[in-house]
Amino acid sequence: MTREKIRIFDTTLRDGEQSPGASLNIKEKLQMARQLAKLRVDIIEAGFPIASPGDFEAVKEISKTIKGPVIAGLARAKKEDIDLAWKALKYAQKPRIHIFLATSDIHMKYKLEKTKSEVLNDAVKSVKLAKKITEDVEFSAEDASRSDRKFLAEVVEATIDAGATTINIPDTVGYAMPVEFGELIKYLKREVPNIGKAILSVHCHNDLGLAVANSIAAIENGARQVECTVNGIGERAGNASLEEIVMGLYTRRDILPFKTDVNTVEICNSSRLFSRLTGLQVQVNKAVVGKNAFAHEAGIHQHGVLKKAQTYEIMTPKIVGIKGSHLVLGKHSGRHALMRRYKELGYELGKEELDRVYAIFIDLADKKKVIFNEDLEAIIDDEIQTVPEIFQLVSLQVVSGNKTFPTATVRLKKSGSVFQDSATGDGPVDASCNAIDKLTKIKGKFLDYSIRSVSIGREAVGEAFVKVKFGDKVHTGKAASTDVIFASAKAYLNALNKFLSKDKSKKEIEGF
Ligand code: KIV
Ligand code: ZN
């Protein structure tokens, strides 16, 4: 069977990053972009350069660093957006300007306050402008699924004539049904005379839980690019999940004559990296990457799987890169073995990083009999800080119990000097954070707080995630340790350091 290629356009770093709580700093975005290149997606949408200076820098850095995939940057149909997008994208090996403009009556009337002919004119003008700058131009008709079909076809034809090489049809509000959305794609293929000159793409949101079904219906009717995100992250209920589309096409290749270039064994690593970077865990029963996706609980199922995996397994855990929890290295293992294991997990360590991580590993191996891959990942994420450690937690001592007043003594380091103070609180975490507040003279308000064990056993490494409001700014923080109180205090400090390095002027910090 000849298989047509489906291009995978990953928008985790743009639409995904717009999701509440998913914001990443530049270093984290670069780390994720490297992983997406390893996953072999065709296009990485790196951000929306005009949205913020941080977005601009991230698109620029990704363009400079990541080789292989096309790097796309989003722009409204405006000259200033297009010019700025290009300023960030011009370093890329394969740059793409992605322009969007709404075509539905409701968006044109209430959001844009423009007539159909004005929208058509702006769409054509902006594509022509981008085309003068670069060859690869994508045009998205926002809210296409709720647009008047005839008008949509007119815009698609005109933007292809203006030079768009990819035309994207978004189901922006996740409203379409699979049969209807497939029909829309078929309609455009049939009615737009020059449709063969561009790649037809779709971009589905998941408000009714149909983003993947709609994407696959679109592919069956002529779409050859799908826009999707790791873990299905994205605005509101999210975008179509990359791993579900890719594995759906692969697993049902008996009836779907398509292929992707995705390196499926990197799916699990990509999902876990994104969760670790953002603190947003996927639900346990999430298709393909959930913790239970390959767990067989019922005795009758276990029996069947042991005899022949295919009785209840339609794909193997191995193909999506699930290796299971390996028992690794003990306290007598050397640096070399540790470095090799990290390499297998996808981390390249420099000498200095290895020295730091090795010291923590030996310390952990003293406390914990068995160390799992998950423990090693938690150590490295904690150690390789992507945020400048303006305040560093040197030590924490806590007195707590059901018959005592929780008290914490904290030692913090800043610019080479160590400061110490104590405080009480409603529990050991509250006491620790109060002591930190006393030292830093900045008080954060917890909006969210969770601890989870990264592996198994009572002595497992615990990972703490916090979402804290400082003034009107919200930052997330994370840290890991076998001592969950220490991890919580460190996570709080991580959020504070993000706030200080991002939102406060240097002058104010130096006033400490
Ligand atoms: O959902 C949407 O319509 C979008 C466009 C910008 C492609 O994200
Ligand atoms: Zn979207």
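I started with two histidines: H203 and H205 are both buried. I note that the model I am reading is predicted.

**Zinc site**

I looked up what holds the zinc ion (ligand 2). I found D15 through OD, H203 through NE2 and H205 through NE2. The distances run from 2.0 to 2.1 Å. I then wrote down the spacing of these donors along the chain: D-x187-H-x1-H. I keep in mind that water is not among the atoms, so the site may look incomplete.

**Ligand 1: shell**

Next I asked which residues surround ligand 1. My list reads R14, D15, H98, F100, S140, E142, N168, P170, T172, H203 and H205. D15, H203 and H205 are in this list, and they also coordinate the zinc ion (ligand 2). I sorted the shell by class and got two nonpolar, six polar and three charged residues.

Which strands each supply at least two residues of this shell? I noted β5 (95–102), β6 (137–142) and β7 (166–171).

**Ligand 1: polar contacts**

I checked the oxygen atoms of ligand 1 against side chains. For T172, a side-chain N or O atom is 2.6 Å from an oxygen of the ligand. For D15, the corresponding distance to a ligand 1 oxygen is 3.1 Å. For H203, a polar side-chain atom lies 3.1 Å from an oxygen atom of ligand 1. I then looked up how much of the ligand is covered. Ligand 1 taken alone exposes 260 Å², and the protein buries 94% of that.

Technical notes. Residues numbered from 1 in each chain as written. Chains lettered and ligands numbered in written order. Predicted model: local features only at pLDDT ≥ 70, side-chain atom pairs only at ≥ 80, totals over all residues. Heavy atoms only, no water. Donors = N, O, S within 2.8 Å, 3.2 Å for Na, K, Ca; no water. Buried < 20%, exposed > 50% of the residue type's maximum accessible area, 1.4 Å probe, protein only. Near = heavy atom within 4 Å. Polar contact = N/O pair within 3.5 Å; in protein donor to acceptor, adjacent residues only side chain to side chain. Areas by Shrake-Rupley, 256 points an atom, 1.4 Å probe, with all protein chains shown as cover. Helix = DSSP H or I, 4+ residues; strand = E, 2+ residues; numbered from the N terminus. Nonpolar A, V, L, I, M, F, W, Y, C, P; charged D, E, K, R; others polar.
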